[in-house]
Amino acid sequence: MKEVDYIWMDGEFVDWEDANIHVLSHVIHYGTGVFEGIRAYENEGRPAVFRLDEHMERFINSAEIINMELDYSKEELIEVIEDLISRNGLTSCYIRPVAYRGYESMGVNPLENPVKVSIAVWPWGEYLGEGALEKGVEVQTSSWSRHHPNIFPTKAKASGNYLNSVMAKMEAVENGYVESIMLNPQGYVAEGTGENLFLVRDDELFTVHTAEVLEGITRDSVIKIAEDLGYEVNLTPITRDQIYISDEAFFTGTAAEVTPIRKVDRRKISDKKGPITDEIQKRYMKAVSGELEEYQRWLHPVE
Ligand code: PPE
């Protein structure tokens, strides 16, 4: 990964290489942390963070779900992010806030362990591989099911939850695919390991309800963009074979942006980026870059 100068840790800006924690921190053993993934894009030479307020709201909600009270308000953390981007001299970057249970006592009970907060920023290119945004990716349906909402809190972007994503991602990569699509415990489509999923069929869009998947902020942005373009967006359960017969399919996520899916389980969806995927992807990239007046409200400029 691309290193920058500073990382913010519990109130201080520390050098990248000194941003360490104790090996007996609770989060390392039990996954008791929450995180966010945010992107800042260059807007006329200066950085602007995309939907920062919504991401930080979700961060605080994630912490609340796993019973962690942060020592910092949303506003304070937003100021830190602005400061961190400036200090590191970045115009576009990925932003990773993380809150976790630190070092104090051992054992499953986290309540005695301090809640720590850190924020890192770094330049991050195409998440699903170079060229993925143009040529699309080949994916598989995972043999691992996505979370049952009474086993893991699906609305918390919690570190521990991601072991499920890690298993599905490794399976895909080891099988020669870029990503996995996971089904829920009932066998319906849920999401990618780090993305939400959309299908296009007969010029309409389809995506699942948020009940058991992460409430993706890119998903929400894409729904608005698609509706503004005049497309109908259907929120509905989706089966695996509905993906096979869709005209187009794509992933959405902060890291993945709008990534076309070319093949699923070796079945061809489209030769390359589909036309509607292309239209939505272009408008999304324009929105994040501040080129469209109507989506300026989603941008948080960094002075
Ligand atoms: N589902 C999952 C499981 C998920 O992790 C993400 C984001 C999304 C959907 C899309 O959410 P949003 O970014 O709000 O549109 N995944 C983040 C982490 C990726 C990683 O490898 O780490 C991200 O995209 O930043």
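Helices (H or I, at least four residues) and strands (E, at least two) are taken here as DSSP runs, numbered from the N terminus. The model is predicted, so local features need pLDDT of at least 70 and side-chain atom pairs count only at pLDDT 80 or more, while totals for chains, interfaces and linings use all residues. Residues are numbered from 1 along each chain as its sequence is written, and side-chain values use heavy atoms, with hydrogens and water left out.

Helix 6 makes a good starting point. This helix covers residues 217-228 and includes D228, and I217 belongs to helix 6 too. With a relative accessible area of 48%, D228 is partly exposed, the class between buried (under 20% relative accessible area) and exposed (over 50%), computed with a 1.4 Å probe and protein chains only. I217, by contrast, is buried, at 10% relative accessibility. Contact here means heavy atoms within 4.5 Å. Leaving aside residues up to four places away in sequence, I217 touches R51, E54, H55 and R58. Between the C-alpha atoms of I217 and T239 the separation is 23 Å, with their positions 22 residues apart along the chain. For D228 and E294, which are 66 residues apart in sequence, the C-alpha to C-alpha distance is 10.0 Å.

At the level of the whole chain, eight helices and 17 strands are present. The radius of gyration is 19 Å, which agrees with the value near 19 Å that a compact globule of 303 residues would have; the radius is taken over C-alpha atoms, and the globule rule is 2.2 Å times the number of residues to the power 0.38. The C-alpha trace spans about 55 × 45 × 30 Å along its principal axes. Of the 303 residues, 50% count as buried. Among contacts between residues at least 6 apart in sequence, 69% join residues at least 24 apart.

The surface and the charges complete this overall view. The accessible surface of the chain comes to about 14,100 Å², and 48% of it belongs to carbon and sulfur atoms; these areas come from the Shrake-Rupley method with a 1.4 Å probe, and for residues only the protein chains shown count as cover. There are 30 positive and 53 negative side chains, and the centres of the two sets lie 7 Å apart. In this count Lys and Arg are positive and Asp and Glu negative, with His and the chain ends not counted, and each charge is placed at NZ of Lys, CZ of Arg, CG of Asp or CD of Glu.

Strand 7 and helix 3 can be viewed together through W8. S118 sits in strand 7 and is buried, with a relative accessible area of 7%. Beyond residues up to four places away in sequence, S118 touches I7, W8, M9, R96, P97 and V98. A polar atom of the S118 side chain lies 2.9 Å from the backbone oxygen of W8. V80, in helix 3 (residues 74-87), is buried as well, with a relative accessible area of 11%. With the same sequence neighbours left out, V80 touches W8 and I119. The C-alpha atoms of V80 and E12 are separated by 9.7 Å, although these residues are 68 apart along the chain.

Following strand 7 (115-122) onward leads to the loop before helix 4 (132-135), where G131 is found. G131 is partly exposed, with a relative accessible area of 24%. Not counting residues up to four places away in sequence, G131 touches E126 and G136. From G131 to P185, 54 residues apart in sequence, the C-alpha to C-alpha distance is 33 Å.

Two loop residues share a backbone feature. D202, in the loop between strand 11 (196-201) and strand 12 (204-207), has a phi near 50 degrees, a positive value in a residue other than glycine. R266, placed between strand 15 (257-264) and strand 16 (267-268), likewise has a positive phi of about 70 degrees without being a glycine. Both side of the solvent question agree for the pair: D202 is exposed, with a relative accessible area of 62%, and R266 counts as exposed at 65% relative accessibility.

Strand 13 (residues 233-235) contributes a last example in N234. N234 counts as buried, at 18% relative accessibility. Its contacts, with residues up to four places away in sequence not counted, are E204, L205, F206 and T207.

Definitions and conventions: Polar contact = N/O pair within 3.5 Å; in protein donor to acceptor, adjacent residues only side chain to side chain.
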